[in-house]
Amino acid sequence: MTKDGNIPQDQQLAEDIAEDMADSVDAFTAELEQLRAERDELKERFIRVLADAENARKRGERDRREAEQYGGSRLARDMLPVYDNLRRALDAATDDQRLQAAALIEGVELTMRELTNVLTRHGVKPISPAIGDSFDPQQHEAMFEAPLPGTRAGQIIQVMTEGFLLHDRLLRPAQVGVSSNTQD
């Protein structure tokens, strides 16, 4: 300060510059904080988008695998009545008929074998329960219940049609008759 109470001009200029610099630093600090917040928000959005893209890729890969494995399920299901009819034709042929129409029976057997091979090659496996097996609602469909001496409740007493799995999925349950005995 000068004797007259005024601030020297150089000192005033220095104070003004310091004040301007402080204001500039405050403005830069505020802008820096705003940019950091914007960066953090963009980083978070980027990570979410990246995670969504990865999830979509995984979902697409899973859908592709399922389409490969199970895409033919409708065709396979439509072929099962053909299998059933060939099986019934072979089961219905008596020994006399087998001798008289040996070539025809052999043709039906070859057709049945080829159909079975094609189904197996595409992941279709038969569910062939045996009489006396326990009923499994995951693989069997009970067509009727009847008391049969010498059986336990829940035992298979007749198999009407085989069931089929396509890989690990049930294509058609085996149709069975089940014992309803309540005692052994």
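Guide: A pocket is an open set of grid points with protein on both sides within 12 Å along at least five of seven lines, and its lining residues have an atom within 4 Å of a point. The model discussed here is predicted.

Visitor: What makes Tyr83, Asp84 and Arg87 lining residues of the second largest pocket?

Guide: A lining residue needs an atom within 4 Å of a point. The residues listed for the second largest pocket are Tyr83, Asp84, Arg87, Arg88, Asp91, Val159, Met160, Thr161 and Glu162, so each of them has such an atom. Helix H2 and strand E3 (156-161) are the elements that give two or more residues to this lining. H2 gives the most, with 5 residues. The space in this pocket is about 150 Å³.

Visitor: How do you know how many residues of that lining are charged?

Guide: Asp, Glu, Lys and Arg count as charged. Asp84, Arg87, Arg88, Asp91 and Glu162 are in the lining, and the division by class is 5 charged, 3 nonpolar and 1 polar. Tyr counts as nonpolar, therefore Tyr83 falls in the nonpolar class.

Visitor: Why is the space lined by Tyr83, Thr116 and Phe164, among others, called a cavity?

Guide: In a cavity a 1.4 Å probe fits but cannot get out. The search of the whole structure finds 1 cavity of 30 Å³ or more, and about 50 Å³ of space lies in the largest cavity, so the largest cavity passes that cut-off. Its lining consists of Tyr83, Thr116, Leu119, Thr120, Val124, Lys125, Pro126 and Phe164. Helix H4 (102-121) and strand E1 (124-127) each supply at least two of these residues.

Visitor: Which class does Lys125 of the cavity lining belong to?

Guide: Lys counts as charged. The cavity lining has 1 charged residue, beside 5 nonpolar and 2 polar ones, so Lys125 is that charged residue.

Visitor: What lines the largest pocket?

Guide: There are 13 lining residues, with Gly72, Leu75, Ala76, Leu119 and His122 nearest the centre of the pocket. Helix H1 (9-70), helix H2 (73-92) and H4 each supply at least two residues. The space amounts to about 220 Å³.

Visitor: How do you know that strands E4 and E5 pair?

Guide: Two strands pair if there are at least two bridges between them. Strand E4 (residues 163-166) and E5 have 3 bridges, in the antiparallel sense, so they meet the condition. Phe164 has Arg172 as its bridge partner in E5.

Visitor: What makes E1 and E5 edge strands?

Guide: The open sheet has 3 strands in the order E1-E4-E5, with antiparallel pairing. E1 and strand E5 (169-172) each pair on one side only.

Definitions and conventions: Residues are numbered from 1 along each chain as its sequence is written. This is a predicted model: local features need pLDDT of at least 70, side-chain atom pairs count only at pLDDT 80 or more; totals for chains, interfaces and linings use all residues. Side-chain values use heavy atoms; hydrogens and water are left out. Grid points are joined across faces, edges and corners, and a volume is the space filled by probe spheres set on the points. Helices (H or I, at least four residues) and strands (E, at least two) are DSSP runs, numbered from the N terminus.
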